[in-house]
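Work through the exercises below with the sequence and the 3D structure open beside you. Try each task before you read its solution.

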Amino acid sequence: MTLEMRPRLTAGPGSVVVRILAVSVRANAPRVWQDPASGHPLPTPCVPGFASLGRVAEVGPDATVLESGQLVFFDPHIVGRDSTDAVYISGFMEGFNAESRRLSRCEWRDSTLAEFARLPLENCHPLNEQRLLGDIKDGGLGYSLDDLTHLFSMLIPFGGLADIDVKAGDTAVIAPATGRYGSAAVHVALAMGARVIAIGRNATVLKQLNDIDPGRLSTVQMTGDVIRDTEVLRATAGGQGVSAFWDMSPPGAATSTHFTSVLNVLNRGARISLMGSVSPGVSFDYMQIMVRALAIKGTWMSTKEQTRRLLGMVETGVLPLGARAKMGAIKKFNLQDWGEALATAAAEIEPGEVVVMP
Ligand SMILES: NC(=O)c1ccc[n+]([C@@H]2O[C@H](COP(=O)([O-])OP(=O)(O)OC[C@H]3O[C@@H](n4cnc5c(N)ncnc54)[C@H](OP(=O)(O)O)[C@@H]3O)[C@@H](O)[C@H]2O)c1
């Protein structure tokens, strides 16, 4: 990766040029962006990037709502306008078919780890700046731009949580809850009304999570002993049992026993969301799924409607952000310090955000 100067971008039909204010750097970004064998194919050379916040600099002739100066949230899940089979996770991963490669290798190749980016109009969601950044005494929520960067880790987990319809009355297990996506999923599931059981191996982070909502959140440390973990989960769930299970395990967790321990405590008819990257596959008990009528749903990213709904949850105040919601620290880097940002994102797997602010 190198930093270079390029000519100023211009917007055309269907696009918008955005001055990037903050771009998310994920735990696996160094591998994805620097290792051609990462399993995340990219249309190299390209400008990498991912979920971002920015201000509209120029709109194309067909923009109907977006206008110059507007604060926007960029959802990197780009879907073909003429085929939903074409998918490009902007600056992060091209899809696996010819349609996706046409999408990623041509018009939308370059992403947001830059001062300016030309992006699809429909992926730039306008934010209610007055409400989000406005003073509390004027009816605003009093957030800073830093607070809004917590949306980066919530966006994708929300896709899975929404797909299995997590809601008030549910008891939802979130696994693993100790990383950036997992801890964000805990906050989102609580805001969706569920009672949450956050599980993971890291006792220190689980202890920090405990403070988020002592009323509706419990944490359980996974030990790898299926009988013991099942018993503790069952006791924690109590009479209500567990009606939803959200999982976003990384490849390293392929042999983790938490899948079995959680399956053991699911209620009849429970819904399961699988969002991780466990490429060798996970062995779920066929008979348990059949007899207990479990529903399993896989989710890649989130839909436009889900993204809009998540932003609405923040704008209405249902989903609080930042220190007041006991969210993790924001680690910020200049564009010139992208190398340090990547190293930090990979080394420090914990709640909070790692962002480059170009
Ligand atoms: N479906 C989608 O749309 C989508 C989108 C983005 C990413 N993903 C995938 O989701 C996965 C997770 O991403 P992430 O950024 O959250 O990863 P991450 O930040 O590396 O988080 C890893 C989490 O997994 C836990 N973990 C690590 N090794 C484990 C093991 N051997 N057994 C049990 N738990 C383990 C960690 O907890 P402790 O080490 O504390 O136990 C931590 O909570 C990635 O592999 C990514 O490819 C999916």
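The exercises that follow deal with sheets, a salt bridge and the contact between two domains.

The model is predicted, so that local features need pLDDT of at least 70 and side-chain atom pairs count only at pLDDT 80 or more, while totals for chains, interfaces and linings use all residues. Residues are numbered from 1 along each chain as its sequence is written, and side-chain values use heavy atoms, with hydrogens and water left out.

**Exercise 1. Find the order of the strands in the open sheet of 3 strands, and state how they pair.**

Solution. Begin with the terms: helices (H or I, at least four residues) and strands (E, at least two) are DSSP runs, numbered from the N terminus, and two strands pair if DSSP finds at least two bridges between them. The order is β4-β5-β6, and the pairing is antiparallel. Next, look at the edges, where β4 (77-79) and β6 (93-94) each pair on one side only. Then follow β5, residues 87-89, which is joined to β6 by 2 bridges in the antiparallel sense; Y88 has E94 of β6 as its bridge partner. Finally, add helix α2 (residues 98-105), which packs on this sheet and touches β4, β5 and β6, where contact means heavy atoms within 4.5 Å. The direction of α2 makes about 45° with that of β5; axes are lines fitted to C-alpha atoms, for helices over the stretch in contact, and angles run from 0 to 180 degrees between N-to-C directions.

**Exercise 2. Trace the strand pairs that involve β2, and then find which residue forms a salt bridge with R55.**

Solution. Start with β1 (residues 15-24), which pairs with β2 in the antiparallel sense over 7 bridges, and in which V16 has V59 of β2 as its bridge partner. Continue to β3 (residues 71-74), which is antiparallel to β2 and joined to it by 4 bridges; here L53 stands opposite F73. Now turn to the side chains: R55 meets E129 in a salt bridge, with 2.8 Å from N to O, the rule being a side-chain nitrogen of Lys or Arg within 4 Å of a carboxyl oxygen of Asp or Glu. R55 lies in β2 (residues 52-59) and E129 in helix α3 (residues 129-133), so placed that the pair links parts of the chain 74 residues apart. By this rule the count comes to 18 salt bridges.

**Exercise 3. Describe the open sheet of 6 strands and the helix α5 that lies across part of it.**

Solution. Write down the order first, β11-β10-β9-β12-β13-β14, with parallel pairing. The edge strands are β11 (217-221) and β14 (295-298), and neighbouring strands are turned by 20° against each other on average, direction ignored. At one edge, β13 (residues 266-274) runs parallel to β14 and is joined to it by 4 bridges, with R271 partnered by A295. Helix α5 (residues 151-163) lies across β9, β12, β13 and β14, and runs at about 150° to β12.

**Exercise 4. Determine how domain 1 and domain 2 meet.**

Solution. The domain assignment, automatic or from a database, gives domain 1 (15-149 + 327-356) and domain 2 (154-298). The contact takes 17 residues from domain 1 and 11 residues from domain 2. About 1000 Å² is buried between them, 60% of it given by carbon and sulfur atoms; buried area is the accessible area (1.4 Å probe) that two parts lose on being put together, summed over both. In domain 1, R26, M327 and P351 lose the most area, together 47% of what that side buries. As a last step, note that the rule finds 0 salt bridges across this interface.
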